[in-house]
Amino acid sequence: MPSYVITGASRGIGFEFTRQLSADLKNVVFALVRNKSTSKQLYELKRKNIHILEADITDKKALINAAQAVSKITNGTLDFLINNAAWIDDQRQNLTLDAYEDQDLLEEDLIKSFTINVVGVVHTINAFLPLLRKGEVKKVITLSTGLADTEATLQLGLATSAPYSISKVALNMAVAKYATQYKKDGFVFLALSPGLVNTSGGPLPEEVNKAQIALFSQIKPDFEGAITPEESVKLQLEVINKWTVADTGAFVSQHGNKEWL
Ligand SMILES: NC(=O)c1ccc[n+]([C@@H]2O[C@H](COP(=O)([O-])OP(=O)(O)OC[C@H]3O[C@@H](n4cnc5c(N)ncnc54)[C@H](OP(=O)(O)O)[C@@H]3O)[C@@H](O)[C@H]2O)c1
């Protein structure tokens, strides 16, 4: 019975991982959410192999409690940890680092991105490591982004989304640190970008879609717009399943390479 813990499972890509993985009744899926009462979609799946647990990934105690709850059901083991939760600022993502009128707000965005997207993920990995050690598969997948790729940033001329991108670069290094430490124990750590995914729950406004196509066709001339969570997770699962310890610590896209779209 392969076991999975997925953080940020209330919506978006985390919800879709939960949906696709729980469709196989042999899997047991632990969906970690910040708030059960706002995780309606998960309850609507009505699947017996989904266990919904509450944990903010910046709350170490909540993570330890979640790990204990998982342990009780799996007999102390875990096969896959999918670090999906992240903070993505909707309000100020179009600002460049020098465009904040309020420097305190800039500092707040940089620190909040680091606290959730890096420190929170490190706490999550540490909380579940004892279970993963006893699991057969030992895969820790951490969602990153092509925006953390320096070459793509320079090619695109993309100076915005800075606090988020900077935090994901740091996250990639955290993944590499764990990977190099745990390679001898057979662990697979992977920083995985899901592509550009429309997680808004409906079609994107036409002007947003057009702007994304204009920007990203610079690096992928036939780019047709954001993909669905369903398509992204399907591709990511193919990468996750084929990835081996030989390439632990890598940072790749949903295609298993450096094609970010
Ligand atoms: N969508 C894309 O195009 C895209 C592209 C590249 C990378 N990614 C990466 O893919 C992952 C998922 O993205 P998404 O688009 O699905 O994001 P999303 O729709 O904004 O969902 C974010 C999820 O993270 C949870 N979360 C936020 N802060 C948290 C915290 N402190 N503790 C626990 N959970 C927290 C949210 O919970 P609540 O529901 O409680 O807010 C939500 O479930 C992220 O790591 C993101 O960086 C996405």
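Okay, lysine 168. Lysine 168 sits in helix H6, where helices (H or I, at least four residues) and strands (E, at least two) are DSSP runs numbered from the N terminus. Lysine 168 is buried, at a relative accessible area of 3%; buried here means under 20% relative accessible area, exposed means over 50%, and partly exposed is in between, with a 1.4 Å probe and protein chains only. Leaving aside neighbours within four places in sequence, lysine 168 is in contact with Ala86, Leu143, Ser144, Thr145 and Ala148, contact being heavy atoms within 4.5 Å. From lysine 168 to serine 22 you go 146 residues along the chain, and their C-alpha atoms are separated by 28 Å.

Quick caveats before I go on. This is a predicted model, so local features need pLDDT of at least 70 and side-chain atom pairs count only at pLDDT 80 or more, while totals for chains, interfaces and linings use all residues. Residues are numbered from 1 along each chain as its sequence is written, and side-chain values use heavy atoms, with hydrogens and water left out.

Now, what does H6 pack against? H4 and H6 pack at an angle of about 25°, with their axes 8 Å apart. Those axes are lines fitted to C-alpha atoms, for helices over the stretch in contact, and the angles run from 0 to 180 degrees between N-to-C directions. H4 and H6 are therefore roughly parallel to each other; the cut-offs are under 35 degrees for roughly parallel, over 145 for roughly antiparallel, 65 to 115 for roughly perpendicular, and the rest is oblique. The H4 and H6 crossing is right-handed, as in the near helix being turned clockwise from the far one by less than a right angle. On the H4 side the contact includes Leu110, Phe114, Val118, Val121 and Ile125, and on the H6 side it includes Ile166, Ala170, Ala174 and Tyr178. Broken down by class, the contact of H4 with H6 has 15 nonpolar, 4 polar and 2 charged residues. For that count, Ala, Val, Leu, Ile, Met, Phe, Trp, Tyr, Cys and Pro are nonpolar, Asp, Glu, Lys and Arg are charged, and the others, Gly among them, are polar.

H4 has another partner. H3 and H4 pack at an angle of about 30°, with axes 9 Å apart, and are therefore roughly parallel to each other. This crossing is right-handed. Among the residues making the contact are Leu63, Ile64, Ala67 and Val70 of H3, plus His123, Thr124, Phe128 and Leu131 of H4. The class count for H3 with H4 is 8 nonpolar, 4 polar and 1 charged.

On to the cores. A nonpolar core is a set of buried Ala, Val, Leu, Ile, Met, Phe, Trp, Tyr and Cys residues joined through side-chain atoms within 4.5 Å. Which members of the largest one touch the most other members? Out of 38 residues, the answer is Val5, Leu32, Leu81, Ile125, Phe128 and Phe189. The elements giving two or more residues to this core are strand S2 (28–33), helix H3 (60–74), helix H4 (103–134), helix H6 (162–182) and strand S6 (188–192). H4 gives the most, with 9 residues. There is also a second, separate core of 29 residues, and Phe15, Val29, Leu190 and Ile240 are included in it. Back to Ile125 for a second: beyond neighbours within four places in sequence, isoleucine 125 is in contact with Leu81, Asn83, Val140, Thr142, Tyr178 and Phe189.

Next, helix H1, residues 12–22. H1 is mostly covered, with 8 of its 11 residues buried; Phe15, Glu16 and Phe17 are among them. Phe17 comes up again with glutamine 236, which lies in helix H8 (residues 229–242). Glutamine 236 is buried, with a relative accessible area of 0%. Again leaving out neighbours within four places in sequence, glutamine 236 is in contact with Ile13, Phe17, Leu143, Leu192, Pro194 and Gln254.

Last bit: backbone oddities in loops. Most residues other than glycine have a negative phi. Lysine 46, though, has a positive phi, near 50°. Lysine 46 is in the loop between helix H2 (40–45) and strand S3 (50–54), and is exposed at 73% relative accessible area. Serine 161 has a positive phi near 50° and lies in the loop between helix H5 (150–156) and H6. Buried or exposed, serine 161? Buried, at 12%. Glycine 157 is in the loop between H5 and H6, and glycine 157 is exposed, at 63%.
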